[in-house]
Amino acid sequence: MKLEVRIERTSAPKVHPEESELGFGRHFTDHMLLVDFHDGRGWSDARVVPYGPLSLDPAAAVLHYGQAMFEGAKAICGDDGVIRLFRLERHCQRMAAGAPRLCMPAPDPEMLAHAITELVKIETAWVPRTRNTALYIRPTLIATEPFLGVRPANQYLLYVILSPVGSYYGGDSLKPVRIWVETQQTRAAKGGLGSVKAGANYASSLQAAMRARKEGYDQVLWLDGAKHEFLEEVGTMNLFLVLGDELVTPSLGDTVLSGVTRDSILTLARARGMTVTERPVSFGEIVEAHASGRLKEVFGSGTAAVVSPVSELVTAERRMVVGEGVGPIAQSFYDELTAIQRGSRRDEYGWMTAI
Ligand SMILES: *Cc1c(COP(=O)(O)O)cnc(C)c1O
C-alpha cells in the first residue's frame, strides 16, 4: 500500500543551527509529514507541509485519555557522504504492532516507511554531517476526535517531525552513567503498556527519573512492578549485562520494550560467537555476581545513545561499582554498530537504506 504524498514546500526556510550546538530534540526541520485517519475511510491526505503548530480541538481525545504513541529512528550521514536510514521498516513495524494495544489504527509499515523516506529526501540538507550526529525521526500517532466519552476515538493524526541531533555524549567518547535502582515506582506493569512506545509510559517514569537526578544519578534502573525483584530496563533504554563470558538481557514481555538497538546488538553478539541469553535476571543475582566478580559490564541500548555504559548501580543499601569506566564490550558494540550506520563497515544484515 502506498499513499500519494502531496508536498507543500515552505516559503520561509529556517537558518540551520551549528552542528556543534545541536543537542537532542531542540531543533526541527522545515517540513513535517501529516496523514489523517477516519474510521470507515482509513488513511488519507498524506502531505508534507511547512513545520508548524498543529490545530487540535481542545476536546481531542489525546489531550484527555492519552491515546498517543511514538517512534524514534535515525538517518545518518556516512563517512562517504551518503545518507542512510537505520532499520526504518522495523521501527514502522513496531509502531503498527503497538497501535492496537491503544485501540489506535495501525499504519501500514510500508506506507509509513515510504512516506518517511519522502520526507527525509526533502530534508537532506538538514542531516548533520559531523560524526556521531544524526537526523532523528519522530513519528507520532494521536487521537484527534473531539469527544469526551471514554472509548477509542474515531479520528487520528499520524505525523512525523525531524530533528537534527548532536553527539549524545557531546564528543566522540562514551561516558558512563550512574544509576539509581528504583524500588518504589514502576515504569510498566504486567498487562500494561510497557511493550508499546506509548507516551503514557514516559509520563509515569518522569518522577522517579527526576528524583534520581536530584540525588546525583543520571537515570533509574526499572525493576518489575510486582515484586521489584527482576531487572527490566534502564531509563528509556534496554538493559544488557556481561556476566562472566555471557551477554545477558532481560527477556521481552509486556513490560519490556522491544528495542531495535537491542535486537541489533543481539545479532552482532551472536555473529561474534558470544554466549547470548535472553532471560529473567533478578537483582539478587546481580548483587551476587558483583560480589563474586562475575559482573563485568552493564550497559543500556537505544536509538539515541546507541550504547550507554553504566558505571554504578546504587540502592538505599548498597553501591555497586561496575568495571572501570567504559567496558570493552559496550565500547565494541558501539563501535561496530555506529560503523555500520556510517557505511564504513559492511552492512551484512541489510539494516541500512541509502536515500
Ligand atoms: C525506545 C525505547 C527503547 C529503545 O528502543 P530502540 O528501538 O533501541 O530505540 C527501550 N526502552 C524503552 C522504554 C523505549 O521507549
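Q: Is Arg-87 buried or exposed, and what decides that?

A: In this predicted model, the general idea is to look at relative accessibility, where a residue under 20% is called buried. Arg-87 counts as buried because its relative accessibility is 10%.

Q: Where along the chain do I look for Arg-87?

A: Go to the loop between β6 (83–86) and α2, and you will find Arg-87 there. While you are at it, look at the backbone: phi of Arg-87 is near 45°, a positive value, and the residue is not a glycine.

Q: Which phi does His-228 have?

A: His-228 is not a glycine either, yet its phi is positive, at about 50°. You can find His-228 in the loop between β10 (219–223) and β11 (231–234).

Q: Let me try the burial idea again. Why does Pro-105 count as buried?

A: Use the cut-off once more: buried means under 20%. Pro-105 has a relative accessibility of 12%, so it counts as buried. Its place is the loop between α2 and α3 (109–122).

Q: How far apart are Pro-105 and Gly-253 in sequence and in space?

A: For a pair like this, check both kinds of distance. Pro-105 and Gly-253 are separated by 148 residues in sequence, and their C-alpha atoms are 22 Å apart in space.

Q: Now the ligand, please. Which residues come nearest to the ligand?

A: A good start is the shell of residues around the molecule. Here the shell holds 15 residues, and those that come nearest are Lys-197, Tyr-202, Glu-233, Thr-261 and Thr-303.

Q: What classes of residue make up the shell around the ligand?

A: Seven are polar, four are nonpolar and four are charged.

Q: Which helices and strands each supply at least two residues of that shell?

A: Look at α2 (88–98), β12 (237–243) and α5 (260–271); each of them supplies at least two shell residues.

Q: How do I read the polar contacts of the ligand?

A: Look for pairs of N or O atoms within 3.5 Å. Tyr-202 has a polar side-chain atom 2.4 Å from an oxygen atom of the ligand. For Arg-94, a side-chain N or O atom is 2.8 Å from a ligand oxygen atom. Thr-236 takes part through its backbone, with an N or O atom 3.3 Å from a nitrogen atom of the ligand.

Q: How much of the ligand's accessible area does the protein cover?

A: On its own, the ligand has 380 Å² of accessible area, and the protein covers 96% of that.

Q: Which pocket does the ligand take up?

A: The ligand takes the space of the largest pocket.

Note on methods: Residues are numbered from 1 along each chain as its sequence is written. This is a predicted model: local features need pLDDT of at least 70, side-chain atom pairs count only at pLDDT 80 or more; totals for chains, interfaces and linings use all residues. Side-chain values use heavy atoms; hydrogens and water are left out. A residue is near a molecule or strand if one of its heavy atoms lies within 4 Å of it. A polar contact is a pair of N or O atoms within 3.5 Å; within protein, one must be able to donate a hydrogen and the other to accept it, and residues adjacent in sequence count only if both atoms are side-chain atoms. Accessible areas come from the Shrake-Rupley method with a 1.4 Å probe; for residues, only the protein chains shown count as cover. On a 1 Å grid over the protein atoms alone, a cavity is a set of points where a 1.4 Å probe fits but cannot get out, and a pocket is an open set with protein on both sides within 12 Å along at least five of seven lines; lining residues have an atom within 4 Å of a point. A molecule sits in a cavity or pocket if more than half of its atoms lie within 2 Å of its grid points. Helices (H or I, at least four residues) and strands (E, at least two) are DSSP runs, numbered from the N terminus. Ala, Val, Leu, Ile, Met, Phe, Trp, Tyr, Cys and Pro count as nonpolar, Asp, Glu, Lys and Arg as charged, and the others, Gly among them, as polar. Buried means under 20% relative accessible area, exposed over 50%, partly exposed in between (1.4 Å probe, protein chains only).
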